Amino acid sequence: MPGLQIAVCVKFILDPKDISEESIDPATGTINRTKYKLVINPLDKHALFAARQLQKIAGGAVTVVSMGPPSIAEDLTETLALGADHAFLLSDPLFAGADTLATSYALACGIKKFVSDFDIILCGARSLDGSTAQVGPQLATHLEVTCVTNISALSWKQDGFFNLRMKLEDGYLSFAAKPPVLCTVNRDLNTPHPPTLMDIVMARSKNVAVISTQDLDLDLNRVGLAGSPTRFKDMFYPPSKRKRDLLTGSPEEMVKTLFQELRTKGMFGQ
Ligand SMILES: Cc1cc2nc3c(=O)[nH]c(=O)nc-3n(C[C@H](O)[C@H](O)[C@H](O)COP(=O)(O)OP(=O)(O)OC[C@H]3O[C@@H](n4cnc5c(N)ncnc54)[C@H](O)[C@@H]3O)c2cc1C
């Protein structure tokens, strides 16, 4: 039995602790990715860990596909240390400026070429930066496969179905899905382990393949800015309606001032 062919989409994002007004380019509204260290989107680690667990039970191979700047090729070796057998980085100036539709189209072309016989594609439910939660469902649409979002439990049944549990706002939905299927996952799915020293050493013998538009069978009008039907317009913080008064003095004085202020505003009735 050949086992499961599992594709995992991994996005590299700005480390959340570096996100501030300075990390955003005011002209384009996009994150200045060249200036900061990028890290794996946290939910994508859950997706990768689930892929590895599936592979341990059913066999097969785990392939990571990512789209981003060439600088992340080295960072992608972390996914190999985390258990991926192969990693492909789609990187080309023609991919730049992609919105979610153009991103998902490029990822679909990469998956069609390098994991054409996939049984399951795992994505994070959302990224921590763009956070549109659109890429997974759009990717499923491009590939014309079943899409199940916000998965918090996943296992492979030997009868040829995946057992899935989808998290809803006020409960869960359990069902079986026949491959090929795309799942977006949330953090309840598992607790990813960091790679061991041995995993890191073993990863050095594997390669990250950097793929350009020329390596893929794609329509150049559908990638990058040219293939993006949305445009960045503006970015702003919502105006705060809160008024802030800083109290000074000893704790007793501050409490007294606070009560006087609240009384003046009628908070304790007339
Ligand atoms: C007009 C426009 C121009 C833009 N230009 C740029 C640009 O020049 N450079 C830039 O970096 N961003 C750019 N962006 C942002 C870019 O479109 C998003 O970062 C990207 O489409 C992913 O969206 P998201 O973060 O909301 O993904 P979500 O849908 O929230 O992500 C869900 C999951 O999809 C998968 N995924 C998402 N993106 C990728 C990826 N790149 N590779 C692999 N898996 C992925 C991951 O599994 C992730 O957990 C632009 C956006 C717009 C609207």
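Serine 131 lies in the loop between E6 and H5, where helices (H or I, at least four residues) and strands (E, at least two) are DSSP runs numbered from the N terminus. The phi of serine 131 is near 55°, a positive value in a residue other than glycine. Most residues other than glycine have a negative phi, and most peptide bonds are trans. The model is predicted: local features need pLDDT of at least 70, side-chain atom pairs count only at pLDDT 80 or more, and totals for chains, interfaces and linings use all residues. Residues are numbered from 1 along each chain as its sequence is written.

A second backbone feature is found in the loop between E9 and E10, which holds proline 180. Proline 179 and proline 180 are joined by a cis peptide bond, with omega about 0°.

The strands form an open sheet of nine, in the order E9-E8-E7-E10-E6-E1-E4-E5-E11, with mixed pairing; two strands pair if DSSP finds at least two bridges between them. Strand E9 (171–177) and strand E11 (208–211) stand at the edges with a single partner strand each, so one side of each has no neighbour in the sheet. On average, neighbouring strands of this sheet are turned by 35° against each other, direction ignored. Strands of a sheet pair through backbone hydrogen bonds, either parallel or antiparallel.

Strand E10 (residues 181–185) runs parallel to E6, and five bridges join the two. Leucine 122 has cysteine 183 of E10 as its bridge partner. E10 also runs parallel to E7, through four bridges, and cysteine 183 is the bridge partner of valine 148 as well. E7 and strand E8 (residues 161–168), in contrast, run antiparallel and are joined by six bridges; here alanine 153 is partnered by arginine 165 of E8. The hairpin of E7 and E8 has three residues between the strands, and its glycine 160 takes a positive phi near 95°.

Two packed helices are described by the angle between their axes and the distance between the axes. H4 and H5 pack at an angle of about 50°, their axes 8 Å apart; axes are lines fitted to C-alpha atoms, for helices over the stretch in contact, and angles run from 0 to 180 degrees between N-to-C directions. H4 and H5 are therefore oblique to each other, a class that remains once angles under 35 degrees (roughly parallel), over 145 (roughly antiparallel) and 65 to 115 (roughly perpendicular) are set aside. Residues of H4 in the contact include Thr100, Leu107 and Ile111, and those of H5 include Val135, Leu139 and Leu143; contact requires C-beta atoms, placed from the backbone, within 7 Å. By class, this contact has eight nonpolar, five polar and no charged residues. Ala, Val, Leu, Ile, Met, Phe, Trp, Tyr, Cys and Pro count as nonpolar, Asp, Glu, Lys and Arg as charged, and the others, Gly among them, as polar.

The ligand has 34 residues around it, of which Gly124, Ser127, Gly130, Thr132 and Val135 come nearest; a residue is near a molecule if its C-beta atom, placed from the backbone, lies within 6 Å of it. Helix H1 (42–58), strand E4 (60–67), helix H4 (100–114), strand E6 (120–124) and helix H5 (135–143) each supply at least two residues of this shell. H4 gives the largest share, three residues. By class, the shell around the ligand divides into eleven nonpolar, 16 polar and seven charged residues. Val135 thus appears both among the residues nearest the ligand and in the contact of H5 with H4.

Key:
Two residues are in contact if their C-beta atoms, placed from the backbone, lie within 7 Å.
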